[in-house]
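Student: I would like to take a close look at one part of this protein rather than at the whole of it. Could you choose a small group of aromatic residues and walk me through its surroundings step by step?

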Amino acid sequence: MGEPGREEYKIQSFDAETQQLLKTALKDPGAVDLDKVANVIVDHSLQDRVFSKEAGRMCYAIIQVNNMPMMALVNPVYDCLFRLAQPDSLSKEEEVDCLVLQLHRVGEQLEKMNRQRMDELFVLIRDGFLLLTGLSSLAQLLLLEIIEFRAAGWKTTPAAHKYYYSEVSD
(Lines give C-alpha, C1' and ligand atoms only; values in the text may rest on other atoms or scores of the structure.)
Protein backbone atom coordinates (compact mmCIF):
# COMPACT_ATOMS: atom_id res chain seq x y z
CA MET A 1 0.00 0.00 0.00
CA GLY A 2 1.93 3.07 -1.16
CA GLU A 3 5.36 2.13 0.24
CA PRO A 4 8.83 2.49 -1.29
CA GLY A 5 8.86 2.71 -5.04
CA ARG A 6 5.78 4.90 -4.93
CA GLU A 7 7.64 8.17 -5.30
CA GLU A 8 5.60 9.77 -8.05
CA TYR A 9 5.06 12.94 -6.07
CA LYS A 10 4.60 16.12 -8.06
CA ILE A 11 7.67 18.04 -7.00
CA GLN A 12 8.83 19.25 -10.42
CA SER A 13 7.78 22.82 -9.63
CA PHE A 14 10.55 23.03 -7.00
CA ASP A 15 14.15 23.92 -7.75
CA ALA A 16 16.66 21.04 -7.97
CA GLU A 17 17.96 21.48 -4.41
CA THR A 18 14.45 21.44 -2.92
CA GLN A 19 13.48 18.44 -5.05
CA GLN A 20 16.48 16.57 -3.66
CA LEU A 21 15.56 17.60 -0.11
CA LEU A 22 12.02 16.29 -0.57
CA LYS A 23 13.18 13.03 -2.20
CA THR A 24 15.58 12.42 0.68
CA ALA A 25 12.87 13.21 3.23
CA LEU A 26 10.57 10.67 1.58
CA LYS A 27 13.25 7.96 1.61
CA ASP A 28 15.04 8.69 4.91
CA PRO A 29 13.40 11.41 7.05
CA GLY A 30 16.14 11.15 9.66
CA ALA A 31 18.71 12.36 7.14
CA VAL A 32 17.16 15.81 6.70
CA ASP A 33 15.97 18.77 8.74
CA LEU A 34 12.26 17.95 8.95
CA ASP A 35 11.43 21.46 10.12
CA LYS A 36 12.89 22.78 6.86
CA VAL A 37 11.00 20.15 4.85
CA ALA A 38 7.74 21.02 6.59
CA ASN A 39 8.26 24.74 5.99
CA VAL A 40 8.96 24.16 2.27
CA ILE A 41 5.83 22.04 1.91
CA VAL A 42 3.59 24.42 3.88
CA ASP A 43 4.88 27.52 2.07
CA HIS A 44 4.29 25.92 -1.32
CA SER A 45 0.84 24.70 -0.24
CA LEU A 46 -0.16 28.21 0.81
CA GLN A 47 0.88 29.52 -2.62
CA ASP A 48 -0.61 26.70 -4.68
CA ARG A 49 -3.91 25.18 -3.53
CA VAL A 50 -3.65 22.39 -6.10
CA PHE A 51 -0.42 21.26 -4.45
CA SER A 52 -2.07 21.01 -1.01
CA LYS A 53 -3.43 17.51 -1.58
CA GLU A 54 -0.03 16.37 -2.80
CA ALA A 55 1.57 18.01 0.23
CA GLY A 56 -0.69 16.01 2.51
CA ARG A 57 0.32 12.77 0.79
CA MET A 58 3.99 13.67 1.09
CA CYS A 59 3.72 14.55 4.79
CA TYR A 60 1.82 11.35 5.47
CA ALA A 61 4.51 9.31 3.71
CA ILE A 62 7.26 11.07 5.66
CA ILE A 63 5.65 10.57 9.07
CA GLN A 64 5.07 6.87 8.39
CA VAL A 65 8.81 6.24 8.76
CA ASN A 66 9.60 8.79 11.46
CA ASN A 67 9.26 8.19 15.20
CA MET A 68 8.27 11.78 16.05
CA PRO A 69 5.87 12.71 13.25
CA MET A 70 4.29 15.79 14.78
CA MET A 71 7.42 17.51 16.10
CA ALA A 72 8.57 18.86 12.74
CA LEU A 73 5.05 19.89 11.81
CA VAL A 74 3.99 21.71 14.98
CA ASN A 75 5.09 25.22 14.01
CA PRO A 76 4.05 25.03 10.34
CA VAL A 77 0.62 23.71 11.37
CA TYR A 78 0.29 26.50 13.91
CA ASP A 79 1.31 29.00 11.20
CA CYS A 80 -1.50 27.74 8.97
CA LEU A 81 -4.02 27.88 11.81
CA PHE A 82 -2.93 31.41 12.71
CA ARG A 83 -3.45 32.41 9.08
CA LEU A 84 -6.97 30.94 9.18
CA ALA A 85 -7.69 32.89 12.40
CA GLN A 86 -6.98 36.28 10.81
CA PRO A 87 -9.99 38.60 10.33
CA ASP A 88 -10.04 38.28 6.53
CA SER A 89 -10.17 34.47 6.80
CA LEU A 90 -12.75 34.47 9.58
CA SER A 91 -15.07 36.36 7.26
CA LYS A 92 -15.15 33.34 4.91
CA GLU A 93 -17.25 30.43 6.14
CA GLU A 94 -15.21 27.79 4.33
CA GLU A 95 -12.01 29.02 5.99
CA VAL A 96 -13.64 29.07 9.43
CA ASP A 97 -14.89 25.55 8.77
CA CYS A 98 -11.36 24.47 7.84
CA LEU A 99 -9.91 26.08 10.98
CA VAL A 100 -12.46 24.42 13.26
CA LEU A 101 -12.13 21.04 11.54
CA GLN A 102 -8.35 21.05 11.92
CA LEU A 103 -8.59 22.09 15.56
CA HIS A 104 -11.01 19.22 16.19
CA ARG A 105 -8.53 16.83 14.59
CA VAL A 106 -5.18 17.98 16.01
CA GLY A 107 -5.87 20.74 18.53
CA GLU A 108 -5.34 18.64 21.62
CA GLN A 109 -2.03 17.22 20.34
CA LEU A 110 -0.82 20.66 19.25
CA GLU A 111 -1.66 22.13 22.63
CA LYS A 112 0.36 19.41 24.39
CA MET A 113 3.36 20.34 22.26
CA ASN A 114 3.05 24.12 22.56
CA ARG A 115 0.37 25.45 24.91
CA GLN A 116 1.51 29.08 24.58
CA ARG A 117 0.87 29.15 20.83
CA MET A 118 -2.53 27.51 21.35
CA ASP A 119 -3.39 30.19 23.90
CA GLU A 120 -2.35 32.87 21.39
CA LEU A 121 -4.41 31.22 18.65
CA PHE A 122 -7.49 31.15 20.85
CA VAL A 123 -7.05 34.83 21.69
CA LEU A 124 -7.38 35.49 17.94
CA ILE A 125 -10.37 33.17 17.67
CA ARG A 126 -12.06 34.73 20.71
CA ASP A 127 -11.42 38.27 19.48
CA GLY A 128 -12.69 37.35 16.04
CA PHE A 129 -15.86 35.91 17.55
CA LEU A 130 -16.46 38.89 19.82
CA LEU A 131 -15.19 41.85 17.83
CA LEU A 132 -15.53 41.19 14.12
CA THR A 133 -18.63 42.63 12.52
CA GLY A 134 -20.26 40.92 9.60
CA LEU A 135 -19.45 37.34 10.55
CA SER A 136 -22.06 34.94 9.25
CA SER A 137 -24.17 33.11 11.81
CA LEU A 138 -22.51 29.84 10.75
CA ALA A 139 -19.02 31.30 11.30
CA GLN A 140 -20.10 32.58 14.73
CA LEU A 141 -21.55 29.19 15.63
CA LEU A 142 -18.40 27.35 14.54
CA LEU A 143 -16.11 29.71 16.45
CA LEU A 144 -18.18 29.48 19.61
CA GLU A 145 -18.29 25.72 19.32
CA ILE A 146 -14.49 25.37 19.04
CA ILE A 147 -13.98 27.75 21.97
CA GLU A 148 -16.29 25.60 24.11
CA PHE A 149 -14.72 22.40 22.77
CA ARG A 150 -11.27 23.46 23.98
CA ALA A 151 -12.64 24.82 27.28
CA ALA A 152 -14.18 21.39 27.94
CA GLY A 153 -10.79 19.67 27.56
CA TRP A 154 -11.10 18.99 23.82
CA LYS A 155 -14.34 17.09 24.31
CA THR A 156 -17.91 17.83 23.39
CA THR A 157 -20.17 17.82 26.42
CA PRO A 158 -23.63 16.29 26.00
CA ALA A 159 -25.21 19.74 26.38
CA ALA A 160 -22.89 21.26 23.76
CA HIS A 161 -23.56 18.37 21.39
CA LYS A 162 -27.29 18.88 21.73
CA TYR A 163 -26.95 22.65 21.20
CA TYR A 164 -24.60 22.59 18.22
CA TYR A 165 -25.80 19.46 16.46
CA SER A 166 -29.53 19.38 17.20
CA GLU A 167 -30.31 20.17 13.55
CA VAL A 168 -28.19 17.27 12.29
CA SER A 169 -30.16 14.07 12.02
CA ASP A 170 -28.64 10.63 11.58
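Tutor: What follows begins with the chain as a whole, moves to a cluster of rings, and ends with a few residues elsewhere.

Please keep in mind throughout that this is a predicted model. The chain contains nine helices and zero strands, and of its 170 residues, 36% are buried. If we consider contacts in the chain between residues at least 6 apart in sequence, 58% of them join residues at least 24 apart.

Now to the rings themselves. The structure holds four aromatic pairs, and one of these is formed by F122 and W154, whose rings meet edge-to-face, with 6.0 Å from centre to centre and 80 degrees between the planes. F122 belongs to helix 7, which covers residues 115-131, while W154 sits in the loop between helix 8 (137-151) and helix 9 (158-165), so this pair ties together parts of the chain that are 32 residues apart in sequence. Are the two partners buried or exposed? F122 has a relative accessibility of 7% and therefore counts as buried, since the cut-off for that word is under 20%. W154, at 8% relative accessibility, counts as buried too.

A second pair, made by Y163 and Y164, is also edge-to-face, with 4.9 Å between the centres and 90 degrees between the planes. Here the two partners have different surroundings, because Y163 is exposed, with a relative accessible area of 57%, whereas Y164 is buried, with a relative accessible area of 9%.

Returning to F122, we find that ring pairs link this residue with F149 and W154 into a cluster. The ring of F122 also has a charged neighbour, for the charged end of R150 sits over this ring, 4.8 Å from its centre.

Both F122 and R150 appear again when we ask how helix 7 and helix 8 meet. The axes of these two helices come within 10 Å and cross at roughly 145 degrees, and the crossing is left-handed. On the side of helix 7, the contact is made by R115, M118, D119, F122, I125, R126 and F129, and on the side of helix 8 by Q140, L143, L144, I146, I147 and R150.

There is also a record to set beside this region: an unreviewed UniProt entry lists residues 121-143 as a "transmembrane region". In the model, the chain over residues 121-143 is 78% helix and 0% strand, and the C-alpha atoms at the two ends of that stretch are 12 Å apart.

Another residue of helix 7 that deserves attention is R117. This arginine is buried, with a relative accessible area of 17%, and, if we leave aside its neighbours within four places in sequence, R117 is in contact with N75, Y78, D79 and F82.

Finally, we can look at E94, which is found in helix 6 (residues 93-113). E94 is exposed, with a relative accessible area of 58%. Although E94 and L138 are 44 residues apart in sequence, their C-alpha atoms are 9.9 Å apart in space.

To gather the close look together, F122 is a buried residue that joins F149 and W154 in a cluster of rings, lies beneath the charged end of R150, and takes part in the contact between helix 7 and helix 8.

Note on methods. Residues are numbered from 1 along each chain as its sequence is written. This is a predicted model: local features need pLDDT of at least 70, side-chain atom pairs count only at pLDDT 80 or more; totals for chains, interfaces and linings use all residues. Side-chain values use heavy atoms; hydrogens and water are left out. Rings of Phe, Tyr and Trp (its six-membered ring) pair if their centres lie within 6.5 Å; planes under 30 degrees apart count as stacked, over 60 as edge-to-face and the rest as tilted. Helices (H or I, at least four residues) and strands (E, at least two) are DSSP runs, numbered from the N terminus. Buried means under 20% relative accessible area, exposed over 50%, partly exposed in between (1.4 Å probe, protein chains only). A charge sits over a ring if NZ of Lys or CZ of Arg is within 6 Å of the ring centre and within 35 degrees of the ring normal. Contact means heavy atoms within 4.5 Å. UniProt positions are given in the numbering used here, feature names are shortened, and annotations may be inferred rather than shown by experiment. Axes are lines fitted to C-alpha atoms, for helices over the stretch in contact, and angles run from 0 to 180 degrees between N-to-C directions. A crossing is left-handed if the near helix is turned anticlockwise from the far one by less than a right angle, and right-handed if clockwise.
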